Amino acid sequence: MTALNPIADNIALIQQHIEQAKTRFQAAQQVTLCAVSKSQPAAAIRQAYEAGQAVFGENYLQEALAKQQQLNDCVIAWHFIGPIQSNKTQQIARQFDWVHSVDRLKIAQRLSDARSAELPPLNICLQVNISEEASKSGASGQEVLELALNIKQLPHLRLRGLMAIPAPQHDLDLQRDQFRQVHALFEQLNAQGLQLDTLSIGMSGDYQAAIAEGATLVRIGTAIFGARQPKPANDSDLATKGAV
Ligand SMILES: *Cc1c(COP(=O)(O)O)cnc(C)c1O
């Protein structure tokens, strides 16, 4: 622990809380910590990286590309977790290792077309919308099987699992109720032979509940980096809807 790198302290604390949640809820799965660095400067990512964190999530393409360039000496797994506009699919497919926010076949096709055959397949999570009205993004429970089966056929993608952002709740049981529905959907897809291994659920305010319900990857921003800066007005991604 060093006062010089509070980001390192926060990561250590969250890793501890993840282990505690696994013990408390008898959750045997491995849980990957994805550090959500949207609106944080490259220097903050570097501090986390120097503390051993190598998985980062970004929401805005232009912002992410600029930071990737500043960090090109680091071995980082980059996860795209923001809403995807179809004119951004080319660069997303080339510059990221994972995309969590796929909710339409058209976007998946474009990502597959743009992914270079020399790179490993792009890892994909389907974003699902369990609490239908809470968020505009995400495929409904009924759409998701057909979408998953279609994506499974695309040559340069590897379908890994589901991602969800349920409505914020403060009560652990209410948080768990929502995540349980995502987990049930995940199990249904696996019963259809889809072989999914990634359940991307849980953020700073609810990751313990997500772990209780089977999260294999939690996406944590503010609990690591502190409050986010407002986005600069000249950012070309500003038009992107659904910014959190
Ligand atoms: C911003 C964001 C997060 C991180 O949220 P925190 O509450 O800061 O942990 C996780 N997932 C997605 C999709 C996000 O947009």
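**View 1. Thr216, a buried threonine in a loop.** In this predicted model, Thr216 has a relative accessibility of 16%, so it counts as buried, the cut-off being under 20%. You'll find Thr216 in the loop that runs between α8 (207-212) and β8 (217-220).

**View 2. What Thr216 touches.** Start with the side chain: one of its polar atoms sits 2.9 Å from the backbone nitrogen of Leu199. Leu199 also turns up in the contact list of Thr216, next to Asp197 and Thr198. Gln29, Gln30, Val31 and Thr32 are in contact with Thr216 as well. That list skips the neighbours of Thr216 within four places in sequence.

**View 3. The residues around the ligand.** Here we've moved over to the ligand, which has 13 residues around it. Lys38, Asn59, Ser204, Gly221 and Arg228 are the ones that come nearest. Sort the shell by class and you get six nonpolar residues, four polar ones and three charged ones.

**View 4. Polar side chains at the ligand.** Which ligand atom does a polar side-chain atom of Ser204 lie 2.5 Å from? For Ser204, that partner is an oxygen of the ligand. Arg228 also pairs with a ligand oxygen, with an N or O atom of the Arg228 side chain 2.8 Å away from that oxygen. With Arg219, the ligand partner is a nitrogen atom, and a polar atom of the Arg219 side chain lies 2.9 Å from that nitrogen. As for cover, the ligand on its own has 390 Å² of accessible area, and the protein covers 95% of that.

How values were computed
Residues numbered from 1 in each chain as written. Predicted model: local features only at pLDDT ≥ 70, side-chain atom pairs only at ≥ 80, totals over all residues. Heavy atoms only, no water. Near = heavy atom within 4 Å. Polar contact = N/O pair within 3.5 Å; in protein donor to acceptor, adjacent residues only side chain to side chain. Areas by Shrake-Rupley, 256 points an atom, 1.4 Å probe, with all protein chains shown as cover. Nonpolar A, V, L, I, M, F, W, Y, C, P; charged D, E, K, R; others polar. Helix = DSSP H or I, 4+ residues; strand = E, 2+ residues; numbered from the N terminus. Buried < 20%, exposed > 50% of the residue type's maximum accessible area, 1.4 Å probe, protein only. Contact = heavy atoms within 4.5 Å.
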